[in-house]
Amino acid sequence: MERTQHIVRIATETGLLVLLGPLVTGYVQKLKARLQCRRGASLLQPYRDLAKLLRKGTVRSDTATPFFRAVPALVLAATVTAATMLPVLWAPSGPALLPVGDSILLLGLLALARFLLAIGALDAGGAFGGMVASREMTVGLLVEPALMLAVFSVAVAAGTTDLGELAARRDSLAALSWQAPDLLALFGMLILALAETGRIPVDNPDTHLELTMLHEGMLLEHSGPGLACIALATHVKQLVTLTLVATLFFPPGLARGLAPPEIALALGAFAAKVLLLATFLAVVESSYAKLRFFRVPQFLGLGLVSAFLALALRVL
Amino acid sequence: MDGQPPLTRIVVWLGHLLVLAGALGGAAFALSVLAGGAAAPPHLALPRLFPFAEMSLSVDGLSAFFLVVVALVTAAAAIYGPSYLGAHAKAPVLQTFALAAFVACMALVCCAGDAMTFLLAWEGMTLASWVLVVSDPREENARAGLLYLVMAHAGTAALLVVFLTLADHAQAFDFAALRSAARGLDGRTRTALFMLALAGFGAKAGVVPLHVWLPKAHPAAPSHVSALMSGVMLKIALYGIFRFGFDLLAPASGPLPASWGWTVLLLGSASAVIGVLLALQQHDLKRLLAYHSVENVGIILIGAGLAMVLGGGRGPQPLATLALAAALLHTLNHAAFKGLLFLGAGSVLARTGIRNMEELGGLARRMPWTAWLFLLGAIAISALPPLNGFVSEWMTFQALLLGGVRLGGASGLLAGVAASMLALTGGLAAACFAKAFGVTFLGRPRSSHAEHARESPAPMIAGMALLALACIALGLAPGFAMPLFDRPTAELLGGLGASAVVTARGPLVLTAGGPVNGLEATAISMTVAAALFALLAAAAWVVSGWPREAPRRLAPTWTCGMTPTARFDYTATAFAKPLRLIFAAVYRPRRQIERETGPSPYVLRRLAYTGEVVDLAETMIYARVKHWVNATAQEIREYSTGRIHGYIGFVLVTLTVALLVFARP
């Protein structure tokens, strides 16, 4: 009984992240357009794009291996599995029956998605695929350790890397109320979130100019439903990243039980946190220029250093 | 086995089958010891070779665990070997015999119950592997072999000092006597001995900066032997570090000296990062894999060092057990995936004759089994879920985090540094293997050898598949492997066994921390995560592959309107370029571009590019040592007459002086 309830909770939370992923992208696009004095596309445009792609036919590169066709499904699966690790509405009460909530596993699954996508980009052959795969893996290896350090700086205070536990204890433990390490870690995390969501100043999601793209470049040879899978995975990954920031630094508002008002409150809190962070993405993207690729390491280094300092302050 | 006389074929097959039988027997025996609980370790007295020393074999939990590691890769290599040697070898019979001797010596090192047996087996292991390294007579292999021999013997010399010092105090050679003799020594001597042992074993394990021979020697051997050297022989050296650090030199009670653990931990962190950074810039597939062994030895040492730091003290130490279990699990994991990757690289080498990945490409369509098994190994070694590399790194992370909290202060910070190094290593490894797999197997073939490659024969595939299964099993259900570590962890650290700490909630759930030490536990279930992943992938596959009216077609890859050729494919050099620039301080990249222009400077006739990165250890340390050795040799040359009786005179004088100084009354 309890196990069923737990599974239903996880499924609800994951479903929410998957369904709302495109909406967050739509919101960021809309807000960016408004900031640039345009009207912009509808909030629902990403859903329409997905529906359109699902109806379309596919063109596959004749040099690609059969594995290429599996890449979109695997990338989407890895991203959605990562999404199951996050507490969205409920904080766990007691040890989880199904232990899916580990932050290292979450980051590992996102890294798996990135790795598979890079393999797919190399599969078709051609210089663009190789170039973006190289760049994406380079950015990835700079972002991942920094993200881990940021997560660790919160985790060492709670003594666990389980995100649900972490969020649940953040309310109750005095050690977890806001301190200097949190501010530093949040600062680092926001920098890294820009890279992880593929946004300016690290990457430009709107570009289709081959020489400047990172993430988009890996999608060049994908088409139709496969492209839809990867696009959905990108939306979900963005929301996962934002929710991760929210879980680590703004945990209050999670529901404990199943009472409707409590759930409504949790939903409202979740929406408010994500909106706030999405607004941050849109504002940064409208007010900065994209960095040259070899400037990116310095920018990410800032995130790495602040995350490391946060961890150092916490441990010392 | 084309083109070799039938007798050779039979001998090679029989030899490998014998090795396989030995591996299976050894595995069965080791597993029975590991399952034996508190039973006394099997002990076997050997015939007395020397008048002054008893020789014996003794298999306790730690020995048995390393025997399992030896047996796993040996079994795969024995299945793989005959077909590989048939396709490739210059001296298959010699190589088969050397292989058997090599494996037997590795097993003997693990089982040795006294210093003499240990040293003899250790030396046999070095010599047998050296024969395999130089068995393909080429200039570079001979050089690699020489360097290997020099480094290995420098290491053995350090070990000799340690063993002889202990034996001098114990007046005996068996480990029990050495152990009690070491307890009688004062702390400073013991630390000096441990550092010497660490250097001696580190030279064999490829710990930075003693790693320079490794990427030269490992690739020179036949590929299944490379798998054994990288996957197993390095572990035997680690066995030595475990044996000395936790057992022979350990104090009778209380924690190990803090300097031991921190030295091991920091050496491990440095090896991990430097190994993978150097691996990234290699274009020789087997050399790239060899550098990754340096990295993985580093990861194992991080866990081992942490266990040394956390172990001892009062009461059970679940965190130390966790760290040691992580190190041991990574030992097993690395044996599985590095063996798999070397066998995969060997399969490519056998079919194309090429190790330089710039000349490969497009092999996934020609050698699908090799390619997908190699990809599996690549995912595992990059520490990506849901395979085994992730599990052991997860455990190491947990141990570092919780250990860092418990230690606090500067020690905690060091643990944090190690954690960040480990995280960086994972990302770098993923980038490296995206490159290695992508450039070797994907895109278009860049040479005619690659274009006409065919899939390797079934026994070679079977050898790889065996290790791939191990990677999957250890990744999806690591809890079932934990009982393997029960005896070793309990012997080395005391207290609870690994499975009591790590799988407290059942074999399908891994827990770190646990209520035992007051810190809350983190739990993951790889099985659930993998099932979820598979389920979602299947669902996405069905949805995206659902039959629809819109057409599906094939088209050439988009290359801005030109006809795509292999020259459009990204090369390994290009792939690693961003990292070469970002980490220029480590690589000191050099490049030279020669242009030959025609009548006008704008008409290029020829363009030559050469680029290389350096191994800082090689240029900063070894080049200087080499210079010094050469200079000294020149000096000594003055006194060398070239006549044999002159040298005999030198030896005689040395012996007499030594006896006068050291002989006991």
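# Notebook: chains A and B, predicted model

**Entry 1. A helix pair in chain B.** I noted that α15(B) and α18(B) are oblique to each other. I read an angle of about 40 degrees between helix α15 (residues 388-407) and helix α18 (residues 458-476) of chain B, and their axes are 7 Å apart. The cut-off matters here: angles under 35 degrees count as roughly parallel, so about 40 degrees falls outside that class. I keep in mind that this is a predicted model.

Next I listed the residues that meet. On the α15(B) side I found N388(B), F390(B) and V391(B). They face C471(B), L474(B) and G475(B) of α18(B). I sorted this contact by class and got 4 nonpolar, 2 polar and no charged residues.

I also looked just upstream of α15. The peptide bond from P385(B) to P386(B) is cis, with omega near 5 degrees. I placed P386(B) in the loop between α14 (368-381) and α15 of chain B.

**Entry 2. Helix α19 of chain B.** Is this helix buried or exposed? I counted 8 of the 11 residues of α19 (residues 483-493) as buried, so the helix is largely enclosed by the rest of the structure. The buried residues are L484(B), F485(B), D486(B), R487(B), P488(B), T489(B), L492(B) and L493(B). I see that D486(B) and R487(B) are among them. After α19(B) comes G494(B), and I read a positive phi there, near 75 degrees.

**Entry 3. Chain B overall.** I tallied 26 helices and 7 strands in chain B. I then checked its radius of gyration, which is 26 Å. The globule rule gives 26 Å for 665 residues, so chain B is as compact as a globular protein of that length. Along the principal axes, its C-alpha atoms fill a box of roughly 90 × 70 × 55 Å. I found 55% of the 665 residues buried. Of the contacts between residues at least 6 apart in sequence, 78% join residues at least 24 apart.

I looked up the domain assignment too. It gives domain 1 (1-252), domain 2 (255-539), domain 3 (584-614) and domain 4 (619-662) of chain B. The centres of domain 1 and domain 4, over C-alpha atoms, are separated by 30 Å.

**Entry 4. Positive phi in chain B.** I checked two residues other than glycine. C560(B) has a positive phi of about 60 degrees and is not a glycine. I located C560(B) in the loop between β5 (552-555) and α22 (572-575) of chain B. C560(B) is exposed, with 10 other C-beta atoms within 10 Å.

R588(B) is the other residue I checked, with phi near 45 degrees. It sits in the loop between α24 (584-587) and β6 (590-597) of chain B. I found 12 C-beta neighbours inside 10 Å, and R588(B) counts as exposed. The cut-off for exposed is 12 or fewer, so R588(B) still qualifies.

**Entry 5. Chain A overall.** I counted 11 helices and 1 strand in chain A. From the N terminus, the order is α-α-β-α-α-α-α-α-α-α-α-α. The radius of gyration is 19 Å, which agrees with the value near 20 Å for a compact globule of 316 residues. I read spans of about 55 × 45 × 40 Å along the principal axes of the C-alpha trace. Of the 316 residues, 60% count as buried. I found that 80% of contacts between residues at least 6 apart join residues at least 24 apart in sequence.

I noted a cis peptide bond here as well, from I200(A) to P201(A), with omega near 10 degrees. P201(A) lies in the loop between α7 (180-196) and α8 (215-218) of chain A.

**Entry 6. Where A meets B.** How many residues of each chain are in contact? I got 74 residues of chain A against 70 of chain B. On the chain A side, β1 (58-61), α3 (67-84), α4 (103-123), α5 (127-158), α9 (224-249) and α11 (296-315) each give two or more residues. I found that α5(A) gives the most, with 17 residues. By class, this side of chain A has 44 nonpolar, 19 polar and 11 charged residues.

**Entry 7. T58(A).** I picked T58(A), in strand β1 of chain A. T58(A) is buried, with 20 other C-beta atoms within 10 Å. The cut-off for buried is 20 or more, so T58(A) just meets it. Beyond its neighbours within four places in sequence, I found T58(A) in contact with S223(A), G224(A), P225(A), G226(A) and R552(B). I also took the C-alpha distance from T58(A) to V274(A), which is 34 Å across 216 residues of sequence.

Methods
Residues are numbered from 1 along each chain as its sequence is written. Chains are lettered from A and ligands numbered from 1 in the order in which they are written. This is a predicted model: local features need pLDDT of at least 70, side-chain atom pairs count only at pLDDT 80 or more; totals for chains, interfaces and linings use all residues. Axes are lines fitted to C-alpha atoms, for helices over the stretch in contact, and angles run from 0 to 180 degrees between N-to-C directions. Helices (H or I, at least four residues) and strands (E, at least two) are DSSP runs, numbered from the N terminus. Angles under 35 degrees count as roughly parallel, over 145 as roughly antiparallel, 65 to 115 as roughly perpendicular and the rest as oblique. Two residues are in contact if their C-beta atoms, placed from the backbone, lie within 7 Å. Ala, Val, Leu, Ile, Met, Phe, Trp, Tyr, Cys and Pro count as nonpolar, Asp, Glu, Lys and Arg as charged, and the others, Gly among them, as polar. Domain bounds come from an automatic or database domain assignment. The radius of gyration is taken over C-alpha atoms; the globule rule is 2.2 Å times the number of residues to the power 0.38.
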